Structures are given as C-alpha cells and as structure tokens.
Amino acid sequence: MTIENKLDSAVLKSAKRDDSVDWQALKLQSHSELRRRTVEHIRNGTTDLSDGPMLIATTAYTDHARHEHERRVLFQERPILAALSGDIPNPGDTFLFDEVGPPILLTRNKQGEVNAFLNMCTHRAAKLVTECGKKNRMSCKFHGWTFDLDGNLVGRPGEEGFCGINKEDRKLISLPVTEWHGLIFVRAVPGGEPIDVVDHLGTGFAAELAHLELEKARPMKTSRINVEANWKYAMDTYGEGYHFATLHPSSIGALAMSNIMSYSNYGPNHRMAMPRADFLDCADTPESEWPPTSYGGLYYIFPNTVINCNTMANGEQFYGLSRLFPLEEVGRATSLLTTYKPGHMAEDADPTLWTNMHDFIHKVVETEDYSVSREGQANMKYAPKGFQPVLGANELALQNIHRHIQALLEADK
Ligand code: FES
Ligand SMILES: [Fe+2]
C-alpha cells in the first residue's frame with residue numbers, strides 16, 4: 001500500500017491525529033524510499049536534473065519594488081509558518097512572531113486551541129505583549145486594558161470614560177491561524193481567508209510532513225542571524241548540494257556528498273536528500289543488509305522554510321527548522337534557526353546533543369553559507385547590464401522556487 005493511499009486527504013485533514021495509523025512505520029518507509037533513490041544515484045554517479053539551466057534576473061535580488069511585492073504577496077497574504085506546536089505547548093502560553101511585518105501574538109487558550117492576533121491594544125494601538133511566556137490575562141502597559149487568551153477585553157480601568165464604546169467591539173484583532181500536525185500557520189492579514197493546511201501544502205507533501213509527528217517535537221535551542229543579503233540569496237543556499245565540497249570542505253562537505261541529490265517536487269514545495277557518508281556503505285551492500293535510517297532529508301515549505309530531518313553522530317535524530325524572512329531593505333534578511341528534539345526521543349536524553357548540533361549548524365550557515373550570500377549580494381549591484389545569474393539543471397529545486405515566486409508576483413499584478 002502506498003503512503004498516498006493510506007493517508008488520504010480525509011485522514012490528513014482530521015483535526016486529531018488518527019492513532020490507527022502507524023506513523024512511525026510510515027516515516028521509516030518514506031525515509032527508506034528516499035535513501036534507496038539516493039543510493040542508486042551514488043551507484044550510478046547521477047543526480048536528479050531538470051531539463052536544462054535557467055537564467056534569472058539580478059533584479060530578483062536587488063529591486064526594491066519587487067521586494068515590497070514579495071513581502072506582501074508571499075509573507076503576508078499567503079499562510080506562513082509562525083511556529084511549531086512545541087513552541088507554545090500549554091494553555092496560557094504566548095508566542096511573539098514579528099517577522100513578516102505586523103507584530104503577531106499567538107496564544108494557546110484554556111481549551112488548548114491556538115489563536116493569532118495583531119499584537120496591538122485596541123485602546124490606542126500600543127504593543128500589548130512584549131515578552132513570550134505563560135499568562136492567563138494580558139494587560140497593556142500603557143493604560144491597563146486587559147484581554148483574555150481569546151482576545152476578549154475583560155478589564156478596562158476608568159470604565160466611565162468609555163461610555164458607548166462596547167467592550168465586545170474592542171476585542172483583539174484576530175488573524176487566520178491553523179494548527180495542523182505540529183505546524184502553526186498564520187495569515188498576517190486581518191479578515192483574510194481561513195487556512196486549510198492540507199490544501200495549502202498539497203496532500204502528498206502534507207503526508208510527508210505528517211509522518212514527522214512534529215507536534216511532539218520540543219525546541220532545544222533557537223538563534224537568529226541577520227544576513228546582509230536578499231532573503232532569496234540566503235534561502236537558495238538550502239536548495240542544492242552542489243556547493244558542499246567547495247564551500248563546506250571541512251564541515252557539511254565532510255558529512256555529505258556534493259552534487260548528488262534526490263529531489264521530490266510538490267508544487268512549490270519539495271523534499272530532497274543529499275547522500276550522507278553512511279549511504280556510501282549502503283552503495284556497496286544489498287539493501288537487505290542496510291541498517292534502519294532516521295534521515296528524512298530536507299523538507300522545504302515554500303517560500304522560506306526548511307525542516308532538516310537528520311541524525312547526529314550517535315544516530316539520534318534532530319529536526320532543524322531554518323526560516324528566512326525579508327527585512328525592509330531589499331538586501332537584508334533575518335534567519336531564525338531552531339533545533340527540535342523529536343517526540344520519540346527519551347525525556348532524559350542529554351540536551352547538549354541537540355544544542356551542540358544547533359551550534360554547529362548556526363556556525364556553518366553564518367560563516368560559510370551566509371558569508372557567500374553577503375558577498376554575492378554586494379556583487380549584484382556591480383554586475384554589468386544584461387548579466388544574469390544561472391541556475392544549473394542540477395539546481396532544479398531553486399529553479400522551481402524562483403519560477404513559483406515569479407508566477408505568484410505576476411498573478412498579483
Ligand atoms: S493603549 Fe493599551 S491601554 Fe491604552
Ligand atoms: Fe551550504
């Protein structure tokens with residue numbers, strides 16, 4: 001039975017995870033299929049390719065009007081991943097998400113549901129919550145208006161001054177939000193359309209993400225890197241393994257092979273695998289002798305998110321969430337990295353396993369990937385008229401991303 005048959009849209013869309021499904025078995029099956037494809041590439045000296053190279057315009061990285069357009073269309077009007085469930089696990093937890101423009105406040109209410117609001121007091125627009133944490137009520141520091149976790153205005157000092165202004169009309173301004181299998185998506189537009197995550201991701205890709213049981217993942221370390229490059233230049237570094245041996249000779253390049261990739265396309269999203277060093281052993285042995293694998297590859301959620309499902313040296317699994325967000329300037333972005341411990345790991349496992357992995361990844365992307373992004377971005381403004389960066393057929397994931405961004409911008413004109 002194929003995964004797609006087993007996990008039809010109805011199973012995926014049900015609010016509660018279907019416990020009759022053996023999610024761990026499906027995950028292992030999916031990981032194994034990906035490894036099989038990747039080992040075949042090693043054996044044959046091949047990689048997945050598109051039909052040919054693709055040229056892109058430097059203005060994709062440098063034009064301010066286009067940048068503004070991308071920020072609105074890709075990051076505000078479309079659903080965007082705000083957090084994983086484990087970032088806000090308990091009733092009363094609050095979470096701030098300021099990365100796409102409007103300051104957004106997530107709360108988990110007493111019933112365990114996630115709400116999203118503009119983080120804006122409805123008296124005179126002060127920022128309501130300035131620090132994440134556990135709260136039953138949220139009081140504005142300006143004049144003390146107080147709201148519950150569902151956004152109701154429950155306290156208003158000097159009530160007599162607001163005759164005729166109904167509290168019911170002064171709830172926090174809500175935003176569309178949907179929590180699905182551990183992923184929390186918001187749409188940063190009040191009154192925007194509700195979010196159906198399975199429709200948004202597509203059933204095939206949603207099934208792959210559902211295997212990961214992300215709702216059980218717990219954050220172990222988060223960090224931020226400000227990047228002096230357009231968000232896409234930095235994002236592009238996550239979409240090919242062509243650079244591993246050259247840019248990362250002593251870090252990633254020592255752990256995974258360059259320029260071999262198994263690529264699965266799901267509309268604007270994708271999943272890819274690069275051969276890990278242990279896949280080399282598999283290439284020399286029959287599949288019946290391969291050990292189980294916890295490597296799931298990179299899951300890219302358009303436009304700005306990668307979940308790296310990978311293993312550490314001791315074989316323990318980690319999920320590395322990397323997200324790029326554009327800043328106001330076209331040539332600046334911010335990168336949020338969080339390393340999660342999957343739910344099936346022992347509660348008392350040594351946390352430094354994950355925090356050390358986090359630090360390793362942070363250092364590599366900051367000093368190697370984003371360093372190249374910064375220099376390349378700076379060079380773009382000196383490129384002669386007519387110069388166009390080229391994405392090779394072996395950089396097919398990037399081709400697909402750039403094509404989808406272009407199509408969405410054009411559809412909005
Ligand atoms: S602005 Fe929040 S209470 Fe006045
Ligand atoms: Fe890299």
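**Pockets, iron site and local geometry of the predicted model**

The largest pocket has a volume of about 740 Å³. The structure examined here is a predicted model, and every value reported below was computed from it. A total of 37 residues line the largest pocket, and those nearest its centre are Ile252, Asn308, Asn310, Phe318 and Ile361. Five elements each contribute at least two residues to this lining: the helices α10 (277–283) and α11 (352–380), together with the strands β16 (305–311), β17 (317–326) and β18 (333–341). Helix α11 provides the largest share, with eight residues. By class, the lining of the largest pocket consists of 20 nonpolar, 13 polar and four charged residues.

The volume of the second largest pocket is about 510 Å³. Its lining is formed by 23 residues, among which Tyr233, Glu240, Val390, Leu391 and Glu395 are the closest to the centre. Two or more residues of this lining are given by each of α8 (231–236), α9 (244–247), α11 and β19 (390–391). For the second largest pocket, too, the largest share comes from α11, which supplies five residues. The lining of the second largest pocket comprises 13 nonpolar, six polar and four charged residues.

In addition to these pockets, the structure holds one cavity of 30 Å³ or more. The space in the largest cavity amounts to about 40 Å³. Its lining is made up of Thr47, Glu240, Gly241, Tyr242, Asn259, Ile260, Met261 and Asn394. Three of these lining residues are nonpolar, four are polar and one is charged. Glu240 thus appears both in the lining of the largest cavity and among the residues closest to the centre of the second largest pocket.

The iron ion (ligand 2) has three protein donors, namely His243 through NE2, His248 through NE2 and Asp369 through OD, at 2.0 to 2.1 Å from the ion. The spacing of these donor residues in sequence follows the pattern H-x4-H-x120-D. Distant parts of the chain are linked in this way, as His243 lies in the loop between α8 and α9, whereas Asp369 belongs to helix α11, 126 residues apart. Helix α11 therefore carries a donor of the iron ion and also supplies residues to the linings of the largest pocket and the second largest pocket.Elsewhere, helix α5 (residues 64–77) packs against helix α12 (residues 396–411), with axes that come within 10 Å and cross at roughly 90°. Because of this crossing angle, α5 is roughly perpendicular to α12. On the side of α5, the contact involves Arg66, His69, Glu70, Val73 and Leu74, while α12 contributes Ile405, Gln406, Leu408 and Leu409. Five nonpolar, two polar and two charged residues make up the contact of α5 with α12.

Several local features were also noted. The peptide bond that leads from Phe302 to Pro303 is cis, with omega near 5°, and Pro303 is placed in the loop between β15 (297–301) and β16. A positive phi, near 45°, is found at His181, a residue other than glycine. His181 is situated in the loop that separates β10 (177–180) from β11 (183–186).

Thr355 is located in helix α11. Its C-alpha atom is separated by 9.0 Å from that of Thr222, although the two residues are 133 residues apart along the chain. When neighbours within four places in sequence are left aside, Thr355 is in contact with Met220 and Lys221.

Terms used. Residues are numbered from 1 along each chain as its sequence is written. Chains are lettered from A and ligands numbered from 1 in the order in which they are written. This is a predicted model: local features need pLDDT of at least 70, side-chain atom pairs count only at pLDDT 80 or more; totals for chains, interfaces and linings use all residues. Side-chain values use heavy atoms; hydrogens and water are left out. On a 1 Å grid over the protein atoms alone, a cavity is a set of points where a 1.4 Å probe fits but cannot get out, and a pocket is an open set with protein on both sides within 12 Å along at least five of seven lines; lining residues have an atom within 4 Å of a point. Grid points are joined across faces, edges and corners, and a volume is the space filled by probe spheres set on the points. Helices (H or I, at least four residues) and strands (E, at least two) are DSSP runs, numbered from the N terminus. Ala, Val, Leu, Ile, Met, Phe, Trp, Tyr, Cys and Pro count as nonpolar, Asp, Glu, Lys and Arg as charged, and the others, Gly among them, as polar. Axes are lines fitted to C-alpha atoms, for helices over the stretch in contact, and angles run from 0 to 180 degrees between N-to-C directions. Angles under 35 degrees count as roughly parallel, over 145 as roughly antiparallel, 65 to 115 as roughly perpendicular and the rest as oblique. Contact means heavy atoms within 4.5 Å. Donors are N, O and S atoms within 2.8 Å of the metal (3.2 Å for Na, K and Ca); water is not among the atoms, so sites may look incomplete.
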